[in-house]
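User: I'm new to this one and would like a close look at a single part of it. Could you walk me through the metal site and what surrounds it?

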Amino acid sequence: MEDSTLKRFGVSMEGHLLRKFDHLVQQKGYENRSEAVRDLVRDALIQQSWEEEEQIVAGSILLFYNHHQRNLLDELTKVQHDMHDFILATTHFHLDHASCLELIVVKGKAKDIQQLSNKLTSLKGVGYGKFTVAPVEQV
Ligand code: NI
């Protein structure tokens, strides 16, 4: 049976990170830090369970990068061609003189999509990557 009693544990983090976290807690309307942490942990666990399973998921990978970064455009293209089966669409936005935003819409087994996301976000020059997927209901 699930243990639903509340347990306490201590969390340490840098002051600047905590200030930002408190700001997030306030913005999202959480009652307190504990409620926000619980929500984040649930999200992480759901994401983790999809990765392990053969669950079909769909969603997006957002990549922010500087297109002047050496070899980055070639690498991005190569990874996407290698894993083209999982990519439904790619849209590129030029944000300013140097900054680009790439939106990649993906669908496939969670473990494959996770691997694709890891490959893309770990490329040198990708400043920020955001990976969001949800399960596709099977009929
Ligand atoms: Ni661009």
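Analyst:
**A close look at the nickel site**

Let's start with His 81, which is exposed, with a relative accessible area of 57%. His 81 sits in helix H3. Keep in mind that this is a predicted model. An unreviewed UniProt entry carries a "binding site" annotation that covers His 81 along with His 92, His 94 and Cys 100.

Now to the metal itself. Which protein atoms are the donors of the nickel ion? They are NE2 of His 92, ND1 of His 94 and SG of Cys 100, at 2.0 to 2.4 Å from the ion. Along the chain, the donors follow the spacing H-x1-H-x5-C.

Is Cys 100 buried or exposed? With a relative accessible area of 2%, Cys 100 is buried, because the cut-off for that is under 20%. His 94 is another story: its relative accessibility is 65%, so it counts as exposed.

His 94 is worth a longer stop. You'll find it in strand S2. If you leave aside its neighbours within four places in sequence, His 94 is in contact with Ser 99 and Cys 100. The side chain of His 94 also makes a polar contact of 3.2 Å with the side chain of His 92.

Next, step back to the sheet that S2 belongs to. It's an open sheet of four strands, in the order S2-S3-S1-S4, and the pairing is antiparallel. Strand S2 (87–94) and strand S4 (126–135) are at the edges, and each has a single partner strand, so one side of each has no neighbour in the sheet. From one strand to the next, the twist averages 15°.

Over at the S4 edge, strand S1 (residues 56–66) runs antiparallel to S4, and nine bridges join the two. In that pair, Ala 58 stands opposite Ala 134 of S4. Helix H3 (residues 72–82) packs on the sheet, where it touches S1, S2, strand S3 (99–109) and S4. The direction of H3 makes about 170° with that of S1. This is the helix that holds His 81.

There's another helix to look at, too. Helix H4 (residues 110–121) lies across S1, S2, S3 and S4, and it runs at about 160° to S3.

To pull the site back together: the exposed His 94 and the buried Cys 100 are both donors of the nickel ion, along with His 92.

Definitions and conventions. Residues numbered from 1 in each chain as written. Predicted model: local features only at pLDDT ≥ 70, side-chain atom pairs only at ≥ 80, totals over all residues. Heavy atoms only, no water. Donors = N, O, S within 2.8 Å, 3.2 Å for Na, K, Ca; no water. Buried < 20%, exposed > 50% of the residue type's maximum accessible area, 1.4 Å probe, protein only. Pairing = 2+ DSSP bridges. Axes fitted to C-alpha atoms, helices over the stretch in contact; angles between N-to-C directions. Contact = heavy atoms within 4.5 Å. UniProt positions renumbered as here; feature names shortened; annotations may be inferred. Polar contact = N/O pair within 3.5 Å; in protein donor to acceptor, adjacent residues only side chain to side chain.
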